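Thanks for coming, everyone. I would like to walk you through one structure today, chain by chain and then contact by contact, so please have a look at it on the screen before I start.

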Amino acid sequence: MGLREYLLKRLVHSVFVMLFVVTVVFAAVRSIPGDPARLMLGGDVDTATLEALRAELGLNQPLYIQYFRWLRRLLTGDLGESIRTGEPVLGSIVQVAGPTLSIAALGMVIALVIAIPTGIISAVKRYEIEDYLSTTIAFFGISMPAFWIGIVLVLVIGVNVESIPTFGYTPIDEGISPWFRSILLPSFAVGFPYGGILMRMMRSSMLEVLNEDYMRTARAKGLSSNLVLFKHGLQNALIPVVTLAGIFLAVVLGGVVAVEIVFGIRGLGRLLIGSINRRDFPLIQGTVLLIAFVFVLANIVVDLLYTMINPRIKYGGGD
Amino acid sequence: MSSRFDTEGGRIFGVRTDLVEQFVNTVRRDLKAKIGVVIVTLFLLAAIFAPELAPYDPMAQDFAPLQAPALSSETPLGTDSFGRDLLSRLMYGARISLGVGLGAVLFGAITGVLLGLVAGFYGGWVDDLLMRSVDVMWAFPWLLIAIMLVSIFGQGVWNVIIAVGFAYIDDFARITRGEVLSIREEEYMLAAESVGLGDLEIIFEEVFPNTVAPIIVQFTVLVARAMLAEATLSFLGLGVKPSTPTWGSLLGQGRDFITQAWWISILPGVLIMITVLGINLFGDALRDAFDVREVDSE
Amino acid sequence: MTDPLLDVRGLTTSFETGQGRLTAVDDITFQIEEGEVFGVVGESGSGKSVTALSVMRLLDDAGTVEADEVRFKGTDLLSVSESEMRSIRGGEISMIFQDPMTSLNPVMTIGEQIAEVVRHHGDVGERTGFWSEMRRKYVTGTSEGSRSWQRAVELLETVGIPEPEKRATEYPHQLSGGMRQRVVIAQALAGDPSLIIADEPTTALDVSIEAQILNEILELSEEFGISVLLITHDLGVVRETCDRVAVMYASEFMETGHVNDIFEDPHHPYTEGLLASIPRIADEREWLSVIEGTVPDLIDKPSGCPFRDRCDYAFELCDRPLVEYEIEGSALETHTVRCHRENEHVEVDDSGHVESVPDEAVAALERRIEAESARDADGGVSPTADASARADGGSRPSPAADAENGGDHGEY
């Protein structure tokens, strides 16, 4: 399988995934009990007013027509209007996407920067103090919910370190440093569990690589142990980790939703929970779609990365 | 040992007895495994016998609100904002948290294993259809699935179990299918077929017992993750009904009083952490015992 | 006679395992002359590969290597620093491993895998520091166009790979098994070695290309005057390729000598057994003979001959520690055997079975064993890390030397 075929296959797959997500989201949201028109008007209303609103919202149409209409609008980037506020959904989402994506991105970076080197050290120093220490920390990472890490951070850091805020979000255009400080703790809360997962994967992957014949060959060539490890081992060890790193991004995205609430940050998570409570269908749809879209996009990037580090895909042929 | 443990094929309920033996040996050798087993057993017992062990009714508002933990007092772990005994609430909470965790993974496992067995065994378009659907689930953040499902079906124990467990179907389907495919290549499947065993018989007699080790390992790992998921859902107010004590909901309620009464959110969090840690240790021990790889290259 | 290229005396390698101490290589002695092909033949698990890895100091921390000396071109390999050892590995001594599929790095181009050896051991004036190498690997991505790369392409051509420029840019999975092993050979030649250690170089290959690859190794080593230490389980390969051969069994060398001596005049029962198990074309036997029994456990290995439980000729001296006996009348090379049947006082009948063991035999053996243990206690065997203990080790007479110039032990 050549590079082009592989990428094409992955891209088609992503499109199907998105289509599936869109359909599921539509079906799921429409099966939420409770009539949004009634909810909007609240209390006692006469049937005529209710029907009028339902017609206005298109809720009286057959479901499949609603679906295709929605799909067509979706393709033009129109996610509809919020039932509550009447504002365009896309606008509301974009307004609050900043903090969520910032936290997710920084959380990911923190996880990668800590987990990959630690995993390598742990594998190289297997059964030594460095290994026990880092596997223990990683174990705690995968055993705590992100939002609770957030709560502990608020209690420990928030009370003692004044320069790091524990509430709210500062947009990046108010300065890099305030922005960075406002997302530091939430990002850490989100990144720690992800880092724990990555570190454990990196360790076991590197342990397998260390036993490979080509590593012995590299030593038999007279290369220094650092060269053997980083020139011959690293890339091989990263190949399986990269694939799983994409899939476990779900941990980061899932974590952000709850962590935002801990830190009182108005992001996608709060928007989503709020809109579920208010049965604001278009807003729920839009938010879920955006998060799913980010996830699919991130996995496409991971796929590209994977093809870059795995020559078996880049240069097909062989077995 | 009773006769049930000494069936002719060396299997208990389809599980090879050598797996049990391997596990016991690992626990004997490995300190981590011992800690895991102790924690898991302790918390399971506390959850099962909560009605007998808990000092008070978890719903009774009998005490002064927001009392700090003091081991000598009537309420050793303090009280919540309604004056309910936190120790009792945590013990009852363990029932829901562990129950939902186990139940969710059981749901995912049964569904996933069945799908995987069918897909791997029949192959062809059945395989394509099932595995493509499962692939799509892989590409979907689990929390969204759970949030959507809970908002559709409403809150409640069973709904949360299904909502959380839904995300695990693909894991089990994938493992089972992979094992089935590799086992199909082996000679004894041919032998079984030539002896004239039917499809179902082959699946249950030959295929299932061999997929058991990786499935048990995955099961354990996912129970840990399911408990974290349940906690997150409850924390977001999307879990079991807010009045029911679960570790996640206790934690969520405590958040409003974090500055006056830190213990309400810290204690349930510590319990979640210890339990999940124990289950993860247990899972690692199983993985070592059964020699299941953590990372599959390609 | 000039000094041998590689002189190994009393090499012992052991591993600490959960069950006890595993002796993988037990007190072996051999020399490889310049331009010579020396074979080590034995069953799998007999310690052949560990012998090679011990000499190269490529065993990880679990293994303990001890020896009277391991001298290569006058340098004691066990006492030189790790960085000196690195300049020997891949340069003066290079290795060819069994499976070309797994011994080549799947994510590096063939050209770079060869070029890096040239760069580290050749005289091409390219930087070989950690960061220079990391830049080549992760930033520039290749060393194409450099002198080391050109040399790699030349080497690929030397080992008979067509379109070497194109092949150099390819990855191992794009080549066939035979081609891959040629790449491994090119890689072994890249450091301009004096000795190539080939560890079962054809075992993983199809029988059809086995001969080609063997010929390639032999022709090239002859052309460049390289000695070869060939490790194999295949006596047929040994007969066709080696000058001298050592027969290894249960971590010990049982018999060492010229390939003709070993094949025409085997003295050790195990060697006889091995030879009898080779199928021959003009075979009149109805059955291939098989050596009955199993290899002894190498963990907490008892002293005495490891083959005695399977040996048809076993007698009362077999549980005594083994010593080396030189066979008289060996025309071409020294021929040594570790079997007490060779004790000159032991009387052996025509079928090879021992008739009687006179007291002189026992006495002679005991003197010999005592002499050897005195030598060992004298610090002759010391851990690898202990360099000072070996500083004078070179001048200490070895058992073989004892036998040659002494004669005072009386066994010969």
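Let me begin with a question: how far apart do the end C-alpha atoms of residues 6–275 of chain C lie, and how much of that span is helix and how much strand? Before I answer, please keep in mind that what you see is a predicted model. The end C-alpha atoms of that span lie 28 Å apart, and the span is 41% helix and 26% strand. I chose those limits since, in an unreviewed UniProt entry, the annotation "domain: ABC transporter" covers residues 6–275 of chain C.

Taking chain C as a whole, there are 14 helices and 16 strands, and of its 412 residues 54% are buried. If we consider contacts in chain C between residues at least 6 apart in sequence, 66% of them join residues at least 24 apart.

Chain B has another make-up, with 12 helices and 2 strands, and the order from the N terminus on is β-β-α-α-α-α-α-α-α-α-α-α-α-α. Buried residues account for 52% of the 298 residues in chain B, and among its contacts between residues at least 6 apart in sequence, 71% join residues at least 24 apart.

For chain A, I will rely partly on the record: the unreviewed UniProt entry gives the annotation "transmembrane region" to several stretches, including residues 101–124 and 179–198 of chain A. In the model, residues 101–124 of chain A are 100% helix, with end C-alpha atoms 34 Å apart, while residues 179–198 of chain A are likewise 100% helix, with end C-alpha atoms 26 Å apart.

Now to the interfaces, starting with chain B against chain A. Here 43 residues of chain B are in contact with 49 residues of chain A, and the area buried between the two chains is about 4,200 Å², of which carbon and sulfur atoms give 78%. Between these chains the count is 1 salt bridge, formed by D284(B) with R200(A), whose closest N and O atoms are 2.9 Å apart. The count of residue pairs in polar contact, both at pLDDT 80 or more, is 3. On the side of chain B that touches chain A, the largest share, 12 residues, comes from α12(B), and by class that side has 27 nonpolar, 6 polar and 10 charged residues.

What, then, does the contact between chain C and chain A look like in terms of buried area? That area is about 2,800 Å², with carbon and sulfur atoms giving 58% of it, and the contact takes 34 residues from chain C and 27 residues from chain A. Here the count is 4 salt bridges, one of them between K231(A) and E116(C), with the closest N and O atoms 2.7 Å apart. There are also 18 residue pairs in polar contact, both at pLDDT 80 or more. With 7 residues, α4(C) gives the most to the side of chain C that touches chain A, and the residues of that side divide into 15 nonpolar, 11 polar and 8 charged.

I will finish on one residue of that helix, Q113(C), which is found in α4 (residues 110–121) of chain C. Is Q113(C) buried or exposed? Its relative accessible area is 1%, and because the cut-off for buried is under 20%, Q113(C) counts as buried. Leaving aside residues up to four places away in sequence, Q113(C) touches K221(A) in the partner chain, together with L104(C), N105(C), M108(C), P172(C) and Q187(C).

Note on methods. Residues numbered from 1 in each chain as written. Chains lettered and ligands numbered in written order. Predicted model: local features only at pLDDT ≥ 70, side-chain atom pairs only at ≥ 80, totals over all residues. Heavy atoms only, no water. Contact = heavy atoms within 4.5 Å. Buried area = accessible area lost by both parts, 1.4 Å probe. Salt bridge = Lys/Arg side-chain N within 4 Å of Asp/Glu carboxyl O. Polar contact = N/O pair within 3.5 Å; in protein donor to acceptor, adjacent residues only side chain to side chain. Helix = DSSP H or I, 4+ residues; strand = E, 2+ residues; numbered from the N terminus. Nonpolar A, V, L, I, M, F, W, Y, C, P; charged D, E, K, R; others polar. UniProt positions renumbered as here; feature names shortened; annotations may be inferred. Buried < 20%, exposed > 50% of the residue type's maximum accessible area, 1.4 Å probe, protein only.
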